[in-house]
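Biologist: Let us go through this predicted model together, one question at a time.

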Amino acid sequence: MSAHPEFVIVGQGLAGTALAWQLLRRGRKVLVVDRGSGGCSRLAAGLITPITGKRVAKSWRWDELRPAAETFYREIETRTGATFFHPREAIRLFATANERARYSGPDGDVGARGDWFNAAFGGFVMPEAARLDVPRYLEASREYFRAIGAFCTADLDPKQIEPTTATVRVTQLGVEAQTLAFCRGFAPDGDPWFGAIPFRAAKGEFLTVWVPGLAEQRVTHRGVWLAPLGDEVFRVGATYSWHQLDGVPTAAGRTELEGRLRELLRLPFEVIEHRAAVRPIIGGSVPVLGRHPDSPRVAFFNGLGSKGSLLSPFFANQLAAHLCDGGKIDPEVDVRTFLNRVSGLHNPE
Ligand SMILES: Cc1cc2nc3c(=O)[nH]c(=O)nc-3n(C[C@H](O)[C@H](O)[C@H](O)COP(=O)(O)OP(=O)(O)OC[C@H]3O[C@@H](n4cnc5c(N)ncnc54)[C@H](O)[C@@H]3O)c2cc1C
């Protein structure tokens, strides 16, 4: 482990991993610290989808985020020798005539088999969709970081972090760095600098199901998403709930998912697994990043919500450029905007 990292990153989920890579690409020395209990990234389906939700709307800043994600993941695949980024066409089936009316793009026959799916209202194909194998990406990255002495397992107590004018001291690890970045995902215990920013976190539950006879290779969306894992096994997700924010699956979550899956599928299925995690939502679909205005030795990268795979490469790059060269943070994602809302004291330029 490097005793003199320039940057300490707390958390090795999608946020911390992308930030570490974007700093390493700039030739910086980093130390990534994770307690190893597994955040929500380890359970993410890794879907990268251009058009989502009941509003059938294009994903926020899709045209710049999607190419940035592909370029980034391809580069990390080359550096680690692992394969985890898979561009794959996905399909969306309309659940109602209303939903169909809301969509203005090309639609028609998407080749969804009528004996497999309830495709009465038609749908559309999303050729630009992709899937990130999140566990493989995180593991390959961790192995790489470990091999260069840039990773350690520890449960860092934020109260034992001491920023000064020029450095930040992490006594628990015996290191002093130029900047420490909190990439902790949903962390209700907070930290002394960014802890006042309220989460609007949403618990998400998903199922793993076996559907004998279903050979669809594309991710299919209709009320739920159904993502193939191979051998007639599929992942189905996900619920949104703002109560009981923990990783415990609920009977209500399972009932909801099974109900929605029955509306999509014409085939019987068997539930193999049921899991839950909490999405770190702060500003809706907008991430939150930047240095603390009064303690600039500490920084924040969070709020990836339900789109960490798509958002993290682009915004980790923006944050790394800011931390290394004073690059600009977009005001709508600037952590000062969010701190300002809480305290009314800090005004982003
Ligand atoms: C059911 C479900 C399905 C999802 N599906 C998708 C999807 O298809 N596509 C997509 O893009 N996104 C999806 N998401 C969202 C995605 O999971 C998140 O956007 C993303 O994982 C957030 O990453 P993060 O790094 O901010 O947080 P996390 O993954 O939670 O990472 C935070 C890390 O910080 C570590 N940590 C925290 N505190 C400390 C400490 N004090 N010391 C040391 N380590 C610490 C934790 O151990 C953890 O590893 C889904 C989420 C859910 C719940």
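Biologist: In which loop is the place of Ala238?

Modeller: The model is predicted, so local features need pLDDT of at least 70 and side-chain atom pairs pLDDT 80 or more, while totals for chains, interfaces and linings use all residues. Numbering starts from 1 along each chain as its sequence is written, and side-chain values use heavy atoms, without hydrogens and water. With helices (H or I, at least four residues) and strands (E, at least two) taken as DSSP runs numbered from the N terminus, Ala238 falls in the loop between β18 (233-237) and α5 (251-264).

Biologist: What is omega for the peptide bond from Gly237 to Ala238?

Modeller: That peptide bond, leading into a residue of the loop between β18 and α5, is cis. Its omega is near -15°.

Biologist: Which residue other than glycine has a positive phi near 55°?

Modeller: The residue lies in the loop between β5 (57-58) and α2. With phi near 55°, it is Arg61.

Biologist: How are α2 and α6 oriented to each other?

Modeller: Helix α2 (residues 62-80) and helix α6 (residues 308-325) pack with axes 8 Å apart, at an angle of about 80°. Their contact (heavy atoms within 4.5 Å) includes Trp62, Phe72 and Tyr73 of α2 and Leu310, Phe314 and Phe315 of α6, and by class it has 11 nonpolar, 3 polar and 2 charged residues. Since angles of 65 to 115 degrees count as such, α2 and α6 are therefore roughly perpendicular.

Biologist: How far apart in sequence are the parts that Arg25 and Glu75 tie together?

Modeller: The two side chains meet in a salt bridge at 3.0 Å, N to O, the term requiring a Lys or Arg side-chain nitrogen within 4 Å of an Asp or Glu carboxyl oxygen. Because Arg25 lies in the loop between α1 (14-24) and β2 (30-34) and Glu75 in helix α2, the parts are apart by 50 residues.

Biologist: Which three residues supply 54% of the area that domain 1 buries against domain 2?

Modeller: An automatic or database assignment gives domain 1 (7-50 + 134-198 + 284-343) and domain 2 (90-126 + 202-279), whose C-alpha centres lie 31 Å apart. Their contact takes 10 residues from domain 1 and 14 residues from domain 2, with 0 salt bridges between them. The buried area (accessible area lost, 1.4 Å probe, summed over both parts) is about 1000 Å², carbon and sulfur atoms giving 79%. On the side of domain 1, the three that supply more than any other three residues are Leu43, Leu47 and Phe186.

Methods
Axes are lines fitted to C-alpha atoms, for helices over the stretch in contact, and angles run from 0 to 180 degrees between N-to-C directions. Angles under 35 degrees count as roughly parallel, over 145 as roughly antiparallel, 65 to 115 as roughly perpendicular and the rest as oblique. Ala, Val, Leu, Ile, Met, Phe, Trp, Tyr, Cys and Pro count as nonpolar, Asp, Glu, Lys and Arg as charged, and the others, Gly among them, as polar. Buried area is the accessible area (1.4 Å probe) that two parts lose on being put together, summed over both.
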